[in-house]
Each structure stands twice: as C-alpha cells, then as structure tokens.
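This report describes the packing of two helices, the chain that holds them, and the relation between two copies of that chain. Please consult the sequence and the structure while reading.

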2 protein chains.
Amino acid sequence: MADVYVVGIDMIRFGRYPERTVVQLAADAVLLALDDCGLGITDIQALFSGNIGETMTGQRTLQLIGQTGIPVVNCTNACATGATAFREGWTAIKAGLFDTVLCVGVEKMAPGMIVKKKVGNEPFPAEGLIGSETMPAVFSMVGLEHARKYGTTIEQFAKVSVKNHHHSTFNPKSMYQKETPLEEVLGAEMIAYPNTKLMCSVNVDGAAAAVLMSEKRAREAGVLDRAVRVRASALASDAWTERNQVMQDVNTVSRQAAASAYDMAGLGPQDLQLVELHDCFATAEILHYENLGLCRDGEGGRLIDSGDTSLGGRIPVNVSGGLLSKGHPLGATGIANIYEVSTHLRGEAGRRQVEGARIGLTHVVGLGSACAVHILEKA
Amino acid sequence: MADVYVVGIDMIRFGRYPERTVVQLAADAVLLALDDCGLGITDIQALFSGNIGETMTGQRTLQLIGQTGIPVVNCTNACATGATAFREGWTAIKAGLFDTVLCVGVEKMAPGMIVKKKVGNEPFPAEGLIGSETMPAVFSMVGLEHARKYGTTIEQFAKVSVKNHHHSTFNPKSMYQKETPLEEVLGAEMIAYPNTKLMCSVNVDGAAAAVLMSEKRAREAGVLDRAVRVRASALASDAWTERNQVMQDVNTVSRQAAASAYDMAGLGPQDLQLVELHDCFATAEILHYENLGLCRDGEGGRLIDSGDTSLGGRIPVNVSGGLLSKGHPLGATGIANIYEVSTHLRGEAGRRQVEGARIGLTHVVGLGSACAVHILEKA
C-alpha cells in the first residue's frame, strides 16, 4: 500500500493563553502547518481533530479559517487524543479516500479541567478500581514499584527532569526554557513521592497540526524534499483483566503498541536516532525506556545515568523538553511529539538538532487506556 | 478497492434505563451485534466508539466484555457521532488495517445533558450566532421558512409525526409504539411553533452496534448470506460563510453528503427502496426529502400527502418510527439507522418489512456541523 507523508507540521509555543479560546489556538496551529507546506485551507480534503475539553472543535476551528464543507472527525482518547486524530487521518489516506488531510490536536488545561470532567460524569473505573484517584498517585506507584524491583534510585528519576528541562532550553516552543539542577528538582514541592513538582508534566494550553499527503499527491506537489514518511502507526488499548495492575496498565499497553509499530515498520529500537516518549511524570520516562525496548528491563535507571538519552547521546529522548518542561496539553501532545521528531528528520531543529537523525519514534499513553506509537522516517 | 460488509448488527430497545450506565448499555448492544453474527470479542481487531456524554467509552465498554488490547478510537460529531464511528471503522478496513472491526454508538439522554455541556464549555457559535439558543427554535425556523417559500402547511409537517408514530407500532425496538392521530399531534403541547411535543424527537437512552468485515474475511467466515454491503459512506461539514443561514446549515450539509454518497455508490435516489433520515423534528423530515433528492425542491409537503413515504408507499421513510417515535439517543442514532436499513435488506423486519428492499440510505445531521450519509445494499 502506498506510503503516507507528513508534508507540513507545526505547533504554537505551549503556554498559558487565557485570552484565547480552544479553537483560536487550534486555528493558530493549523495556519502554521499550512504555511509550513505552502498550502491553503482549500487544498485540504478532510480534517481530523483531537480535543478532549470541547465539542465539535474541528468544525469550529474551520469557522475561523474557512469552511469548505470538508468531512470533519472529532476524536478523543485521553492523552493519546492528538495521536489518534493523526492516525485517523493517516488511515483515511491509506484507504484512498483523500490525498491531502489535516490533523489538529488542541487543549486548554484550565486548572481542574480533568477533575471537572470526572465529577460531571460516571466514575472512571481505570483509576477508581485501583484506589488511586489521581494521575500523580498512579505514577508514584509505578516508580516505587520499579525502584523496589530493580533498585532504581530517586536521583535517577529526578535526572529525567534535569535532562528534559535542559533540552527545553534549546526549544523556543517549550513552555519552560530553564535549567533545573538536580538539587532543585529534588527540593521542589512534593506532589506524590517520589515525583516533586518539577517531575510532573506541566498543565499548559497548546495546539499542534499536521498536513498529511498520499505519496502520489506529495510527488505531484513537489513537497517530498521536506516530507517525513509515516513508517508505522500503531494504537493499542490495555488487555487488563485484574484489579490492582497499574504497572500493567502503564506498561503492557506501551509494549503492545511498540511491538505493533516495530512490526509494521520492519524496524527495531536499534534503528532509531531519537524518541519522544510520554514523560507525564519523571518516573514514567524510566519505565518507557524499557517498554519501548531502548534498554533491557530493569536497566532504565542505568540508561539515564549513562547520558545515552541526553542530546548528544546514543538515543536522545525528549529533546523537545518533553511533557515535563515543554508542557502537556492533552489533545495537542501526540501531534506535538510528531512535530518534534519531524523537525529533526528535516534537519531543522537548530541548537537541539539530533545530528544524522533519519528515523524517530513517538509514544503517548493515556490511562483508561490508549497507547499510540508512530515511527517516522526522513523521506 | 475491496468492499466492506456489515455482518452483524443490532440495537437495544431505545428507552429510559436510569439503573444502567452508558457503558452497560453499550455492552448490551455489542453483545447483541456479536451474537447476530456468531462472533466473540476475541474475533474483533479494533473498536470504534461514538458517544458524546462520556470519555473513553469504547475502552470502558471493553472492560465489561473482554479487554483484548485492541485499538480503540472514540469519536464525537454531534448527532452524526454514531455514523462517524461507523465510518471510521469502515475506513480502517478499506485501509487494509483490519478485517473485522466493531462499531458502537451509545448515549444516555439525561434531562438537560445538552444544556449542561454548553454551560460547562465555550459558547457554541453555530447556534449562538443566529440568535436561537435551542434546537427546537432552529427547526421551527427552517419549517416556517419552508412554509413561507413553498406554501407547506402545518398539517403536512404534523403528518410526518403521524406517519412515523404509525411505523413505530411495528417496531419492538422503538421507545413508543403507539398511534398518534393528526388531531393529537396538532393538539399536543407546543414546543416551538409549528412543532408540538409529538413533533420533536424523543430524549431516550440507547445503544447500537455493528460488526464490519472485509470482503475476504466475510467470504472465509461464510457470513455473506446475511451481510449488507456498504456501497457508500459520506461525511460533510457545512460550507457556511455567513451568519443567519440556518436554512443552509441544515440543508447544504445534507445535500453535500448525499451528493458525495450517490457519487461514490454510482446510484441515485431513484435506486432506493427505503430511507432512514434525520427527523429530529417533524419539520426537518420534509426538508430532507428534498435534500436527499426524494422529490424536487418545494414538493416535500406534497410528498408526505401522497403517502409515498409511508410503509407500503413508493419510498418508505423512517419505517423504524424515526427519531420522533423510536427516539434519538445522539451517539446511538447513526448506527441504529444502519441497523434499521440492514434489517430490511436482510428481509428480517417482520411486520414493518419493506418488500423487495435491495438498497437503502441512512442520513444523520448534527448542527455545528456534520452530516453522514450511508448507502447500503443487500449482499
């Protein structure tokens, strides 16, 4: 089946935009992505929108840009929402329905948004069953269990935050762009042991958008030189049969999506030059090193110590600054990750460029559960 | 490209289920649909879920049935939510990603749900801009404008409700199953002139589910004898550039989706033996006769008078009882319409069977906007 290409992609700088609506932020990202490939909204044949907080976000974004009557699909999938919208766009091109589609992910993370959603609706069993009502509690647990099993230290978890904050100093689109030394990370306000406030992802507003094209159309349009080939798109939910298996909910779903993606691409972790993974908490990044096969089980702590996952290392992880410093606007995160990897594959990442990057992987995981993994390659 | 088939489809009886959760209702429909084709949840490779009111509905439905780790996509698209989930499943098979997928649509219409959503979020410009805050006001306007332009009478609008309530007396899955004579319809509580309470769709709880298969897999599984071929799946949003164009928002989006569907199927309205269309209000059905090409513009009133759209007529419309009597649980409606048409194409509609039905069309339209049209054919 013919390949699908990312031909235009961009994001707004993640931050706090109290004066702008969700759809204004989405429209900002869409206009940047269209501009990135020299297209206009009339070139777009369908829109796939990822946003949790609002309804009909895709259509309302078009009201600001230009309503051309195109099909619009709105998707949600917890923290994998943006990646799911991207995947639905990719699927539609694979199906031969369209040659050029737009995918957008957006979120405004007003304080308490998640809690409000939960109060207004039915209880959310994925968390309720395990007796931990909040994400920080879940990622405390998985970190402590990793420490118990493998001897991972609190300092190793904290180093993830030091690394990602360091990376973000080179990323103008990151919410924070400030070094955070180890003592500062360890000494910050404790949120849920061992994750301090600097080891938790940042609640920010954000939007990211991508234009996808069929190979045929990309060739005709002469945009293959800066294009990025989607080598694999995998989505998994959790095969989660027992209570009290939070380790499984975080880990097995990631392993399953990664295995599907590697299989689809015919590639393995050794073929990657960079990874953007779901560091919603510092503890999570260590686990996902292992879940994505970047090291063997139990060696995540040693991998962060080695410096291999830092910019300049063997397999840089979260060069964007990650969710810990760039920020984590739920619906936007999946496409923002794809933006980061694409920017490196295009050789346009400036001071944070991973030299010689040809293949990269993105990973997002939402509890509940949904994990999306994409593998991207320089065209 | 290879065809996609509906091989199993069913719905719960629409009604009020205060003691059951959204995901329990969804699971009920899924088990009925699996049973309809003799499959189990382990045969399903991906799930596409349509629901507006909750989050992660697809995954939580699997928690009740069996978590097999399959990809789950949650979609929303106003009243086209269920049809959008169906279309995303169809697209994924077309793309060659899967051979067997499950699509489910579900909603609990607790009183005030829609209003709650609006209060909790940003204003909804599609309604706000035109100065009418409610759906009844919108469908009052479009009816009165049709009357002004074409001389359509209040009795003609009311006859839609008489017809659909009559049809529903033959449908055991309909919320109401009771005749409503013309005087009763006209004399009911006025909601928004000219639509009385009996001319408004019923707020009910409901769920419907469908199993789709690739042609290859359906042939291998030996399920083609009761299968229904998806001849076309079209989705459109509104090309809506001015304020105060509610007629356009209801009409143009329907015309565009219908044109796409007829084009994809290589068929026209003359090829249809039955239609399930979006009678969210009695006034809407008359407009959609014209939007779907069942009669010429301005002749909708005469079409209802002729009896052609009644069971036994030339082109029966809403034989299920429609949204007016069967009920309208937003996320479920799109797949419930497909269930109705499929049941006739299979010759299994009992006392409401449209004799000789070979090809049927389903239509849903959500303001904001999203219109989905599917054309289905006996395999």
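## Two packed helices

In this predicted model, helix H3 (residues 81–94) of chain A packs against helix H14 (residues 330–345) of chain A at an angle of about 60°, and their axes are 5 Å apart. H3(A) and H14(A) are therefore oblique to each other.

On the side of H3(A), the contact is made by A:Thr81, A:Gly82, A:Ala83 and A:Phe86. H14(A) contributes A:Leu330, A:Gly331, A:Ala332, A:Thr333, A:Gly334, A:Ile335 and A:Ile338. Sorted by class, the contact of H3(A) with H14(A) has six nonpolar and five polar residues, with no charged residues.

## The chain as a whole

Chain A has 14 helices and 11 strands. Its radius of gyration is 19 Å, close to the 21 Å that the globule rule gives for 379 residues, so chain A is as compact as a globular protein of that length. The C-alpha trace of chain A spans about 55 × 50 × 40 Å along its principal axes.

Of the 379 residues in chain A, 61% are buried. Considering contacts in chain A between residues at least 6 apart in sequence, 78% join residues at least 24 apart.

## Two copies of the chain

Two copies of a chain are related by a rotation about an axis and a shift along it. Here, a turn of 180° and a shift of 0.0 Å along the axis lay chain A on chain B with an RMSD of 0.0 Å. That is the relation of a two-fold axis.

Among the residues of chain A, A:Ala95 comes closest to the rotation axis, at 1.8 Å (C-alpha). The copies meet through the same surface, because 100% of the interface residues of chain A are also interface residues in chain B.

Conventions: Residues are numbered from 1 along each chain as its sequence is written. Chains are lettered from A and ligands numbered from 1 in the order in which they are written. This is a predicted model: local features need pLDDT of at least 70, side-chain atom pairs count only at pLDDT 80 or more; totals for chains, interfaces and linings use all residues. Axes are lines fitted to C-alpha atoms, for helices over the stretch in contact, and angles run from 0 to 180 degrees between N-to-C directions. Helices (H or I, at least four residues) and strands (E, at least two) are DSSP runs, numbered from the N terminus. Angles under 35 degrees count as roughly parallel, over 145 as roughly antiparallel, 65 to 115 as roughly perpendicular and the rest as oblique. Two residues are in contact if their C-beta atoms, placed from the backbone, lie within 7 Å. Ala, Val, Leu, Ile, Met, Phe, Trp, Tyr, Cys and Pro count as nonpolar, Asp, Glu, Lys and Arg as charged, and the others, Gly among them, as polar. The radius of gyration is taken over C-alpha atoms; the globule rule is 2.2 Å times the number of residues to the power 0.38. A residue is buried if 20 or more other C-beta atoms lie within 10 Å of its own, exposed if 12 or fewer, and partly exposed in between; C-beta atoms are placed from the backbone. Copies are superposed by least squares on the C-alpha atoms of residues with pLDDT of at least 70 in both.
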